[in-house]
Amino acid sequence: MERAERPDLPSVTTAAALLRLGQILSTVSFGTARHLARHSLRRLSGRPTTPADWPEELSRIVERLGPAFIKFAQIASTREDVLPPRACAALGRLHDNVEPMRARDVHRVLAAHLGPGGAELLTDFRPEPLGSGSIACVYPARLSDGSQVAVKLRRPGLTDTVRRDVAILSSAFALAGRLPGLRGAPLSDMARAVGASVLRQLDLAAEARNLALLRDDLSTLEFVAVPAPVTALSGEACVVMDFVPGVHEHVEVAQLSRERRRALADQTLRAVFEMLFCTGLVHCDLHPGNLRLTRTGSVVILDAGFVYRVPEVVRENLALFFLNLGFRNGPRCAEAVLASAGQVDRRSDTAAFTEDMARLVDRYGGTTARDFDLIAFSTELFASQRRNGIYASSEFVFPLLALLMVEQTVRRLDPDVDFQAIARPIVFRAASGRPAGERRRRLESVD
């Protein structure tokens with residue numbers, strides 16, 4: 001039976017962790033003190049005071065803390081059902097509007113990547129970023145043949161700090177998962193998954209390979225685009241890719257027609273379900289900075305640094321789970337979970353778990369995006385597993401992350417979309433042995 005390995009996180013010495021923890025607390029304390037001082041000065045000067053600017057200060061604190069914290073904040077910013085809308089908006093800036101690299105650092109990183117005499121390979125390069133993330137910044141340029149491209153450059157000097165922060169955050173989330181109200185939620189596994197993804201995102205050569213695979217996997221979807229990497233010019237600190245027209249235009253959902261919103265919601269879900277049920281290579285970081293809507297009605301998927309290959313057995317059982325969720329067949333959903341669980345033994349109460357699933361699926365099965373609460377559903381699911389001695393497979397966390405990141409986007413586009421109905425034909429096609437990514441797997445088996 002195929003299993004994925006649990007994400008490995010780096011080991012960090014106690015001294016290094018404590019030193020970094022002190023820096024973190026200092027940054028948080030300084031930012032909090034500055035916010036309180038500004039609030040007090042406004043009050044003393046007679047100007048109106050409001051606590052409404054705290055989310056902006058929070059986003060500045062997170063930005064100063066660095067990539068690992070920014071990644072968790074990006075996930076949090078998609079959850080308007082958990083955080084206040086103003087906080088989500090402030091943290092949403094961190095998707096692609098982090099303070100950019102200094103121009104001299106940009107040129108130094110690019111020169112180091114291209115090597116001596118490599119400058120002529122890229123023309124019309126401009127150091128003004130199209131997007132500025134926590135790990136890298138993206139810049140416009142052209143190839144020597146005049147083709148327009150986007151050049152993604154990794155920020156220098158990140159590795160050691162990111163390793164320490166990932167270890168600290170993973171420990172913090174593991175402790176949080178033991179608190180009342182959070183027991184059963186897969187916080188520890190999620191923290192490990194996100195932490196490992198941040199570390200993987202430091203390797204832009206791997207991202208170039210992932211882009212090529214995703215582009216091949218999703219090529220059957222007419223309105224979904226993935227930029228093609230220029231392999232010859234990509235490496236560990238840089239990935240060069242096709243420039244997709246319109247991808248950097250800001251498109252407000254409210255400006256789109258209802259028909260356009262419904263089509264975009266449909267295409268977004270189809271892309272995610274193709275990855276989950278057919279290709280097995282899942283983009284787990286589809287926040288608004290990486291999932292772009294264009295005015296022409298297409299969905300563009302960017303930044304393939306955090307992808308995960310779902311094991312075959314998990315993919316099959318996930319498809320079975322979704323299919324029976326739509327039909328409100330709780331016992332078959334329970335079978336799918338039990339078949340992919342990390343551990344089921346004689347102490348496990350499978351009958352009680354099946355009864356829990358029947359109630360849960362009866363409540364959520366067949367509902368539209370407006371009525372389906374993924375966080376509540378998944379929390380109850382994992383709580384039942386924990387209560388009944390069924391140890392959840394950590395591989396289920398990655399599909400959950402993929403859905404978690406797009407749920408709010410889809411809900412804003414079309415709250416009446418029936419995601420279970422969209423999943424059904426894709427599940428049937430996957431079960432028939434005609435997955436979109438079959439060509440990729442054949443090529444890999446030859447290698």
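Biologist: Let me start with two rings: are Phe125 and Tyr139 buried or exposed?

Modeller: In this predicted model, both Phe125 and Tyr139 are buried.

Biologist: How many aromatic pairs does a search of the whole structure find?

Modeller: The search finds 8 aromatic pairs. One of them joins Phe125 and Tyr139, with ring centres 5.6 Å apart and planes at 50°.

Biologist: What makes the pair of Phe125 and Tyr139 stacked, tilted or edge-to-face?

Modeller: Two values settle that. The centres must lie within 6.5 Å, and those of Phe125 and Tyr139 are 5.6 Å apart. Planes under 30 degrees apart count as stacked and over 60 as edge-to-face; the 50° here is neither, so the pair is tilted.

Biologist: Which parts of the chain does that pair tie together?

Modeller: Phe125 lies in the loop between strand 1 (122–123) and strand 2 (131–132), while Tyr139 is in strand 3 (residues 136–143). The pair therefore ties together parts that are 14 residues apart in sequence.

Biologist: What are the distance and angle for Phe273 and Phe277, and what is that pair called?

Modeller: Their centres are 5.5 Å apart and their planes make 15°. Since planes under 30 degrees apart count as stacked, this pair is stacked. Phe273 and Phe277 are 4 residues apart in helix 9 (residues 258–279), which means they are separated by about one helical turn.

Biologist: Why does Phe273 count as buried or exposed?

Modeller: Buried means under 20% relative accessible area. Phe273 is at 0%, so Phe273 counts as buried. Phe277, with 1%, is buried by the cut-off too.

Biologist: Which residues belong to the cluster linked by ring pairs?

Modeller: The cluster holds Phe273, Phe277, Phe321, Phe322, Tyr364, Phe377 and Phe419. Among these, Phe321 and Phe322 are buried residues of helix 10.

Biologist: Why is helix 10 called mostly covered, or how many of its residues are buried?

Modeller: The count is 12 of its 15 residues. They include Val313, Arg315, Asn317 and Leu325. Just after helix 10, Arg328 takes a positive phi of about 55°.

Biologist: How do you know whether the span of helix 10 agrees with its residue count?

Modeller: At 1.5 Å a residue, its 15 residues should span 21 Å. The end C-alpha atoms are 22 Å apart, which agrees. Helix 2 (residues 54–65) passes too: its 12 residues should span 16 Å, and its end C-alpha atoms are 17 Å apart.

Biologist: What comes after helix 2, and what is its phi?

Modeller: Gly66 follows, and its phi is positive, near 110°.

Biologist: Which helices do the buried residues of helix 2 pack against?

Modeller: They pack against helix 1 (14–44), helix 3 (67–77), helix 4 (85–92) and helix 6 (159–176). Ser59 is one of those buried residues.

Biologist: What makes Ser59 buried or exposed?

Modeller: Its relative accessible area is 3%, and the limit is under 20%, so Ser59 is buried. Ser59 touches Ala90, Leu91, Arg93 and Leu94, leaving aside residues up to four places away in sequence. Ser59 and Leu91 are 32 residues apart in sequence, with their C-alpha atoms 5.3 Å apart in space.

Biologist: Now helix 11 (residues 330–340): which of its residues are buried?

Modeller: Gly330, Cys333, Ala334, Ala336, Val337 and Ser340 are. They cover an arc of only 160° around the axis, which puts them on the same side of helix 11. Their packing partners are helix 10 (312–326), helix 12 (350–364) and helix 13 (374–387).

Biologist: What makes strand 5 (224–225) and strand 8 (291–293) edge strands?

Modeller: Each pairs on one side only. The open sheet has 3 strands in the order 5-9-8, with mixed pairing.

Biologist: How many bridges pair strand 8 with strand 9 (residues 299–301)?

Modeller: There are 3 bridges, in the antiparallel sense. At least two are needed, so strand 8 and strand 9 count as paired. Strand 4 (residues 148–154) and strand 6 are joined by 5 bridges and run antiparallel. Val151 stands opposite Val240 in strand 6.

Biologist: How many residues of strand 6 (residues 238–242) are buried?

Modeller: 4 of its 5 residues are buried, and the strand is mostly covered.

Methods
Residues are numbered from 1 along each chain as its sequence is written. This is a predicted model: local features need pLDDT of at least 70, side-chain atom pairs count only at pLDDT 80 or more; totals for chains, interfaces and linings use all residues. Side-chain values use heavy atoms; hydrogens and water are left out. Buried means under 20% relative accessible area, exposed over 50%, partly exposed in between (1.4 Å probe, protein chains only). Helices (H or I, at least four residues) and strands (E, at least two) are DSSP runs, numbered from the N terminus. Rings of Phe, Tyr and Trp (its six-membered ring) pair if their centres lie within 6.5 Å; planes under 30 degrees apart count as stacked, over 60 as edge-to-face and the rest as tilted. The expected span of a helix is 1.5 Å times one less than its number of residues. Contact means heavy atoms within 4.5 Å. The arc is that of the directions from the helix axis to the C-beta atoms.
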